[in-house]
Amino acid sequence: MTQKKYNISVEATLEVIGGKWKCVILCHLTHGKKRTSDLRRLMPAITQKMLTQQLRELEHDGIVNRIVYNQVPPKVEYELSEYGWSLKSILDSLCNWGEGHIIKQYGDKSAVLEDNILNNDTSMR
């Protein structure tokens with residue numbers, strides 16, 4: 001097996017958290033464990049198939065833990081792993097930059113940001 005080579009280290013970061021949904025999922029998980037249905041409710045534009053795929057990839061990379069409860073009906077929750085928590089400062093920076101960008105582009109962030117816990121939470125900024 002050939003060892004992977006990166007041109008710069010940011011490629012490795014983007015390989016793990018890149019794409020449209022992974023950082024959004026991770027931001028929601030900074031607020032605690034979530035069931036798949038919770039994440040779907042918080043992210044109405046994501047399909048179930050895409051959410052499942054992204055969660056599996058994040059679990060495979062050791063970023064999230066999948067917790068299966070032995071009960072009927074079955075219950076599964078996702079949480080950030082210890083390794084996943086090491087991304088918190090990156091997620092905070094992305095949120096801060098995005099908020100500044102929205103203000104620069106639209107002037108009023110409340111006109112384009114959904115009303116949810118991530119946009120009202122000062123700990124993410």
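## Strands, helices and their contacts

Six bridges join strand 2 to strand 3 (residues 75–80), and the two strands run antiparallel. This is a predicted model, where local features need pLDDT of at least 70 and side-chain atom pairs count only at pLDDT 80 or more, while totals for chains, interfaces and linings use all residues. Residues are numbered from 1 along each chain as its sequence is written, and side-chain values use heavy atoms, with hydrogens and water left out.

Let's start with the overall layout. The chain has seven helices and three strands; helices (H or I, at least four residues) and strands (E, at least two) are DSSP runs, numbered from the N terminus. Read from the N terminus on, the elements follow the order α-α-β-α-α-β-β-α-α-α. Along the principal axes, the C-alpha atoms fill a box of roughly 45 × 45 × 25 Å.

Now to the sheet. Three strands make an open sheet in the order 1-3-2, with antiparallel pairing; two strands pair if DSSP finds at least two bridges between them. Strand 1 (34–35) and strand 2 (64–69) are at the edges with a single partner strand each, so one side of each has no neighbour in the sheet. Strand 1 pairs with strand 3 over two bridges, in the antiparallel sense, and here Arg-35 stands opposite Glu-77 in strand 3.

On the other side of the pairing, strand 2 and strand 3 form a hairpin with five residues between them. The loop between these two strands contains Pro-73, which is joined to Val-72 by a cis peptide bond with omega of about 0°. Within the hairpin, Arg-66 faces Tyr-78 in strand 3, and Tyr-69 stands opposite Lys-75 in strand 3. The charged end of Lys-75 also sits over the ring of Tyr-69, 4.9 Å from its centre. A charge sits over a ring if NZ of Lys or CZ of Arg is within 6 Å of the ring centre and within 35 degrees of the ring normal.

Helix 2 (residues 22–29) is a good place to go next. Helix 2 lies across strand 1, strand 2 and strand 3, running at about 95° to strand 3. Axes are lines fitted to C-alpha atoms, for helices over the stretch in contact, and angles run from 0 to 180 degrees between N-to-C directions. The table gives its two helix packings.

| Helix pair | Crossing angle | Axis distance |
|---|---|---|
| Helix 1 (residues 10–17) and helix 2 | roughly 75° | within 8 Å |
| Helix 2 and helix 4 (residues 48–60) | about 75° | 10 Å |

Helix 1 and helix 2 are therefore roughly perpendicular to each other, a label given to angles of 65 to 115 degrees (under 35 is roughly parallel, over 145 roughly antiparallel and the rest oblique). In this pair, Glu-15, Val-16 and Ile-17 of helix 1 meet Lys-22, Cys-23 and Leu-26 of helix 2, where contact means heavy atoms within 4.5 Å. These contact residues comprise four nonpolar, no polar and two charged. Ala, Val, Leu, Ile, Met, Phe, Trp, Tyr, Cys and Pro count as nonpolar, Asp, Glu, Lys and Arg as charged, and the others, Gly among them, as polar.

Helix 2 and helix 4 are therefore also roughly perpendicular to each other. Their contact brings Lys-22, Ile-25 and Leu-26 of helix 2 up to Leu-51, Gln-54, Leu-55, Glu-57 and Leu-58 of helix 4. The residues here split into five nonpolar, one polar and two charged.
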